[in-house]
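Trainee: I've got a model open and would like to go through it with you. Can you put it up so we can talk it over?

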Amino acid sequence: MCSLNSVTVRAAMLPELVDLATEHGFGGVGLWRESYAEHGVTAAARRIARSGLRVTSVCRGGMFPQPTPERRSRAHDDNLRAVDEAHALDAACLVLVCGPAHDRDLAGARAQIADGITALLEHAAAAGIPLAVEPMHPIMAADRSAITSLAEAVDLVDRIGSPWVGLAVDSYHVWWDVALPQLLARSGPAVHTVQLADWVLPIHGQLSSRGMPGEGHVDMARFVELSRRAGYHGLIEVEVLSDHWWSQPPEQAAQAAAAALAAIPEPAPTVTDRPPPPSRHRHASSGERPTADQRRCEEAHAMHTPQILTARRAADLINDGDVITVSSSSGLGCPDAVLAGIGERFAETSSPRALTSLHPIAAGDMSGIKGIDHIARPGLLRRVVAGSYPSGPSKAEPPRIWQMIENGEIEAYNFPSGVLYQMHRAAAAKQPGVFTKVGLGSFVDPDETGGRMNDTTPDRYVRRAELDEQEWLYFQAITPNVAIIRATTADEHGNLTFEDEASPLGALDLAYAAHNNGGVVIAQVKRLAQGGSLAPQSVRVPGILVDALVVVPDQLQTTQTAYDPAISGQLRRPLSALDPLPFSPEKVTARRATRELRSGEIVNLGFGISALVPHVLVEEGLAGSVSWVIEQGAVGGVPLLDFVFGVAQNPDAIMQSSDQFTLLQGGGFHRTMLSFLEIDADGSVNVHHLPKRRHVTAGVGGFADIVSAAPEIVFLGSFTAGRRDIGIADGALRIREDGSHTKLVKKVTSPTFSGRRALENGQKVTYVTERAVLELRPEGLTVTELAPGVDLERDVLARAEFPLQVSDELKTMDADLFVPGVMGLTLAAAAPHARVAALMNGATAPTAQER
């Protein structure tokens, strides 16, 4: 019936405590937190589990009343850590020593205690750890607890009204209470632990003058009998704080405790109305409280049970110098709370330091989700390797990460997003790196800048290589120590589903890369579910990969969006819900781009003016005529605009972003529609670099992956930049005041796309602007169409910094593009696969050589 509390043999280190408990026949141990601090909670849990002992309690949480909000916050954080430790140790409960009043305000202190327990309750329930309020003797009201009677504690537990909050009943504190039998009987299921220590005289210290059971004035047999009759059937602890016993060898104290317990008769079992203990394996919000025995039995049969931690506690899993990798796409799927926890830990402890952070797509936005900015602090972050970075309006203050890059405070690289996913897959498979054509001739090429973003950054990770008489870029695999991913639901075994997410992004690949190399996987989730209750086909990341869970019920689905079921595929919203596009030169550009499409095509789409094209099709009643694919993972539907770009309303499928890049890098689509910042004489495009306002653009993202093998590329943008007055009237473009800066420059500031390589690869490249359409031809950039109302020489040729060619068959852009209202657009059908066409026509399909 007995458990040995660590404080009874205070001088014993944890291994000795375990040995003493085992040798003297104890069935469990109660642990003060300092007893395992030196060994660490994980090592302690393993050592105790191997011994077969149970952990009957962890002491302590509490100390809720504090004189300032800052100190209350620190106490709350410490209580969260105590819950996490109790969960890691599979403890039956966490004992709460509630804390004394400050400034003689007992009523205020008791109110803070109730508030503090309530604030801790959700985390404790999620972790499966009952909270045990310990009423203390009144002599300790001034320095230990404002809860000074069993009646007061029982009333507090009743007011809170949760099965996860109950009592720790210590004979030393309550033996004298005339209402003890009635209060214990009333408490019943709420008694989480029972502890024994005797009241001995004389008292030479209010905390540490206790005796072993039987040494003093308490009727221990009666106390145990009352506890059992109330319905408590767990192990009873000996918790003796005693200067006398602390002066003795731990072996002698343990022997005395065992003898004292042996002298107490165990009462015969009685029938009580205590309800049967519920199963732990339920959704955490069910409110049912499991017993420690049940949790131990059930978890023994579980293949894997990740730890449930606070975001701040999860940050403790990261070591100085670690490589962390983060699954996110701006605000979409961003594990923002975990990143905030890392920043919080660094502010408190100046650790972790010198991290390298990997981001296939940006983490965070400039609209409220800080993402990488939580860790963008000198000393914390040494290096960042990212496909993109948070971006936003030019007048907004740049995010801290951009400021650090501009100031040369960190090393920073910008690599293609799809390549970064492949680097993770290579790391997971223990391969040295990735050979690819992606990025050749662009700023990512070592012949340009090698993706380096400032002068602080050394040449690293990418080099040119020749293989089979071809030029390739070789990207070195980077092995992460920690993967930080996000999902919607985790079950108790760590299996992850993404039902409320607009994409799983690359969570699985990042988890494999860390796990396969001995790293840690931390998953932020919205909710917990019963183990084994998730449909196996819905699990996108298996629990065997997940080491820790952080539950954040209010995580945003994406930027400024709490939850929209139409972008996660759980609802098909009428297209009439989409806002119509205002009539403008940008809309005219998007309208012209639709003339490049064929019904039934697979078309990739990028951010900017190009993102307007699907919405033009919606207005024309052709929303389903083209299957849009975007790098974040959506297939079909209508890609949304502006700060929520990267998701689609009513998608047909949602793939992993890393798998979507397999389609895109392999050219498995008909064309792409992308935006541009600059075009030069070679037809090269800059889309990633805007000097002095670098935060306006996100970086290369998936752009280089997409253009590397796209059969046809349509770039959309305005011909000039700066203040301008361009309108549409009478079916023609009116350039009343042109922009002061041309976008057709002699040489782009930094090439994201190589026009020369596109010509070598036989790709068709078209540039659509509000005033002209151009094509990339061997003889140069060629004007093929002109908007009505535009003067070729004044508005086009003279506004380019290099000579433009003019097609002998120069046409006027269709007049209906410049008239508001529905155009009556029709799209010719894309040709079916040659084999399918031959089959349907009864002919023999052409061979590859014939094609």
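Trainee: Where does Asn761 sit, and is Asn761 buried, partly exposed or exposed?
Mentor: Bear in mind that this is a predicted model. Asn761 falls in the loop between helix 22 and strand 39 (764-768). Its relative accessible area is 39%. Buried needs under 20% and exposed needs over 50%, so Asn761 counts as partly exposed.

Trainee: How far is Asn761 from Ala710, C-alpha to C-alpha?
Mentor: Along the chain, Asn761 and Ala710 are 51 residues apart. In space, their C-alpha atoms are separated by 9.8 Å.

Trainee: Helix 22 came up just now; which helices each supply at least two residues to the lining of the second largest cavity?
Mentor: Let's start with the search, which finds 8 cavities of 30 Å³ or more in the whole structure. The second largest cavity has 15 lining residues, and the closest to its centre are Leu440, Val707, Ser708, Ser754 and Arg757. The helices that each give at least two lining residues are helix 21 (703-707) and helix 22 (755-760).

Trainee: And what volume does that second largest cavity have?
Mentor: Here's the general idea: rolling a probe the size of a water molecule over the atoms shows where empty space is left. For the second largest cavity, the volume comes to about 120 Å³.

Trainee: Is Phe719 buried or exposed?
Mentor: Phe719 is in the loop between strand 34 (712-716) and strand 35 (720-721). Leaving out neighbours within four places in sequence, Phe719 has contacts that include Thr742, Leu744, Leu774, Val796 and Leu804. Since its relative accessibility is 0%, Phe719 is buried.

Trainee: How far apart in space are Phe719 and Ala562?
Mentor: In sequence, 157 residues separate Phe719 and Ala562. Going C-alpha to C-alpha, the distance in space is 37 Å.

Trainee: Which residues does Val618 touch, if we don't count those up to four places away in sequence?
Mentor: Val618 belongs to helix 19 (residues 613-619). Val384 isn't a partner to look for here, as a C-alpha to C-alpha distance of 40 Å lies between Val618 and Val384. The residues Val618 touches are Leu575, Leu578, Ala623 and Val638.

Trainee: Which residue has a C-alpha atom separated by 9.5 Å from that of Asp115?
Mentor: Asp115 is part of helix 5 (residues 106-127). With a relative accessibility of 54%, Asp115 is exposed. The partner is 50 residues away along the chain, and the residue you want is Pro65.

Trainee: What's unusual about the backbone of Ser330, and what is its phi?
Mentor: Most residues other than glycine have a negative phi, and most peptide bonds are trans. Ser330 sits in the loop between strand 12 (323-326) and helix 14 (336-349), and its 27% relative accessibility makes Ser330 partly exposed. Ser330 isn't a glycine, yet its phi is positive, at about 55 degrees.

Trainee: Is Asp730 buried or exposed?
Mentor: Asp730 also has a positive phi, near 55 degrees, without being a glycine. Its place is the loop between strand 36 (725-729) and strand 37 (732-737). At 74% relative accessibility, Asp730 is exposed.

Trainee: Which residues does the cis peptide bond with omega of about 15 degrees join?
Mentor: One of the two residues belongs to strand 3 (residues 54-62), and that one is Arg60. The bond joins Cys59 and Arg60.

Trainee: What is omega for the peptide bond from Leu201 to Pro202?
Mentor: Pro202 is in the loop between strand 8 (198-199) and strand 9 (210-211). The bond leading to Pro202 from Leu201 is cis, with omega near 0 degrees.

Trainee: Stepping back, what percentage of the residues are buried?
Mentor: The protein has 24 helices and 42 strands. Its C-alpha atoms fill a box of roughly 110 × 65 × 50 Å along the principal axes. Out of 851 residues, the buried share is 58%.

Trainee: How far apart do the centres of the positive and negative side chains lie?
Mentor: There are 75 positive and 99 negative side chains in the protein. The centres of the two sets are separated by 2 Å.

Technical notes:
Residues numbered from 1 in each chain as written. Predicted model: local features only at pLDDT ≥ 70, side-chain atom pairs only at ≥ 80, totals over all residues. Heavy atoms only, no water. Helix = DSSP H or I, 4+ residues; strand = E, 2+ residues; numbered from the N terminus. Buried < 20%, exposed > 50% of the residue type's maximum accessible area, 1.4 Å probe, protein only. Lys, Arg positive; Asp, Glu negative; His and termini not counted. Charge placed at Lys NZ, Arg CZ, Asp CG, Glu CD. 1 Å grid on protein atoms, 1.4 Å probe; cavity = no way out; pocket = protein on both sides within 12 Å on 5 of 7 lines; lining within 4 Å. Points joined across faces, edges and corners; volume = space filled by probe spheres on them. Contact = heavy atoms within 4.5 Å.
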